[in-house]
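Open the model in your viewer and keep the selection tool at hand. The stops below go chain by chain.

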Amino acid sequence: MNESPSDRDVSFFKPHGTAMQGVVRVIKFILLGWLVAIVGFQFFAYFLEVSYSELLLTDLVFFNLPIQFWLSGQLLPLWFIILCVLFNIWMDRHTVQATEGSLRFRIKSVKGEDE
Amino acid sequence: MAYGMIQLVPLAIVAGIFILFIISGLRNRSNQSTEYGFSGSYTGRVGIGAGIASNWMSAASFLGLAGVFYLKGYFAMAYVVGWTGGYVLLLVLMATQIRRFGKFTAPDFVGFRYESESARTIAALISITISVIYCVAQFRGIALLVSWLFGIDYIPAVVVGTSLVVSHIVVSGAMGVARNQKLQYFVLIITFILPLMLLTRKLGYFWVLPQFGYGAAIGELQQQFGFNWSEPFATTSLFEWFALCFTLMFGTAGLPHVLSRFYMVPGIRDARWGVVWGLFFIALIYWSAPAYGVLARLFEARNGLALNTGGADAADMIVLSGAGLGGAPLWAVGLLAAGGMSAAFSTSTGLLMSGSASFSFDIYPRLIRKNASERDKVYAAKAFFLLLAALVMVLAFRPWGMIAEIAAFAFALAGNTIFPAFLLGIWWPRANATGVICGMLTGLAISLAPLLIGTAFPLVLQLFPLTSSAFIGAPLVMIIMILTSLMTAPPSAAIRHFVSRDVHECPEN
């Protein structure tokens, strides 16, 4: 059966092959952690402000800073760094595994033992 | 802070820092290559990170951010989150893939991926426009510093500042001075953190980590002067905060001079880990910047001064004036001036050079002189460089906002145009030339709409604020790109095959 070019196209929402599916899966996890933290912290501060009173936000002090300053100004940039580190560790392992798989295939093929 | 007189000590420190850069650059010149204005020496991932950070740090980060904190309080956190969170997008969605395309500039990428000279030309024009807007923010910072250092008015200071930038580029180019980006980052971080430590120590706060120590100033402002920081969304809405924050993130992932960093790194793993180090170095500055805004308010309150009597100019200079009010020694204020000047100079130098290179490679031989020789292109680049500098100077005479706001407009334009073009170009092989051309033009229209029709149609201003238009704009542009691409012929099988097999390492079908 002939396959049209559009059938072969990959995309972020239609990854193809084990490697790309793995990469896209980890990207989705990272982006989810990124989005939830950004949106979540702001809604947290917003609801504290509108539902209770500014006094609560004044009293909630963390590391010497009002909680909303600490969450957005200190923790979020740190969280972004952690997300980047996690992504890189995963990508490094993924690359090593892919390289080892590729080498095994080549060695077998030279000996003529592969399928 | 004293105006109207020459600041000899700070001036000497600024001159000393620049002489240090020139000497270091002359020593390194034999080890470097210069291409497209993005040269740099790379020694390991930390060095790559320092390069990314020093390339990123501009007057907006060094001077502008503290000014927004000083004026708008918690709203300025959108800048901190936006300018750091964008690197996550850049790393996971683009950094690895961009390198696999093997193209050196944003127009190169667009031209190759979308197989269209028209798309390439539009991308080049947009890149130049982004450079000009971003440069206006730098020139404003330079002019404010020159105005203080030499004791002259703002408009003459813009002219003097422009002359200094142009002379710096010409002299550096003639002498073959290379940029030592690690040294530059080291200078930036020292000149920013050291005066802050001095100020917090003088106040009796926790000065070892002034990034946390300034919290005591917030408490003091509240208890003794009745200044309330605990209503984060009292004057702005959640939508405004998110719109600015996501616009800056999309813009970070779409700024041509940021994207270009990944082409110049030797390996993909180094590029990825370089982003982490770069983000850490950038975060060091952003963890500290709010402190200057808060401390300046405290010093003003203690001195019985009203908030921001000097307007946007005073707010943009709050890092220096706050340090002066707080009793920091003149040499510490000089360090801040040197850091701000160095950040603004390096960014404007890179942007002017990349803008003129883009003109001479992407526009001049394609639109103006078809059979231009290499020599013609070099002359065109030099002439366009002077033209760009003059244009930026004129725009800087009457800037449309504070330093950070002008920079945010450049981010909005990048987020509405280059970011969708790259994102869909990498992740959706079906995206075609018609789609990207329609998308980039729509993005351009969305970015300029608040300036052109914002007064007549207030809804435009609400949905697409000048500094924050990419929050709705970028998704809208992507939808337009997808619909237009689906309605027109797909790109060639070769490029779709390239994206699937070479960029995403998908197996053959």
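Of the 115 residues in chain A, 37% count as buried. This is a predicted model. Stay on chain A and colour by secondary structure: 4 helices and 2 strands appear. Trace the chain along its sequence and the order reads α-α-α-β-β-α. Now turn on contacts. Among those in chain A with a separation of 6 or more, 48% join residues 24 or more positions apart. Then show the surface. Chain A has an accessible surface of about 7,000 Å², and carbon and sulfur atoms supply 64% of that.

Move to chain B. Select helix 6 (residues 117–150) and helix 7 (residues 154–175) of chain B. Their axes lie 8 Å apart, and the helices pack at an angle of about 110°. Angles of 65 to 115 degrees count as roughly perpendicular, so helix 6 of chain B is roughly perpendicular to helix 7 of chain B. The crossing of these two helices is right-handed.

Show side chains where they meet. Helix 6 of chain B contributes B:Phe139, B:Arg140, B:Ile142, B:Ala143, B:Leu144, B:Val146 and B:Ser147. Across from them, helix 7 of chain B offers residues including B:Tyr154, B:Val158, B:Gly161 and B:Val165. The residues of this contact divide into 11 nonpolar, 3 polar and 1 charged.

Next, select B:Asp316, in helix 14 (residues 311–316) of chain B. Is B:Asp316 buried or exposed? Its relative accessible area is 0%, so B:Asp316 is buried. Which residues is B:Asp316 in contact with, leaving aside neighbours within four places in sequence? They are B:Leu63, B:Gly64, B:Arg140, B:Leu144, B:Met402 and B:Ile403. Two of these names, B:Arg140 and B:Leu144, also belong to the helix 6 side of the contact with helix 7 of chain B.

Note on methods:
Residues numbered from 1 in each chain as written. Chains lettered and ligands numbered in written order. Predicted model: local features only at pLDDT ≥ 70, side-chain atom pairs only at ≥ 80, totals over all residues. Heavy atoms only, no water. Axes fitted to C-alpha atoms, helices over the stretch in contact; angles between N-to-C directions. Parallel < 35°, antiparallel > 145°, perpendicular 65-115°, else oblique. Left-handed = near helix turned anticlockwise from the far one by under 90°. Contact = heavy atoms within 4.5 Å. Nonpolar A, V, L, I, M, F, W, Y, C, P; charged D, E, K, R; others polar. Buried < 20%, exposed > 50% of the residue type's maximum accessible area, 1.4 Å probe, protein only. Areas by Shrake-Rupley, 256 points an atom, 1.4 Å probe, with all protein chains shown as cover.
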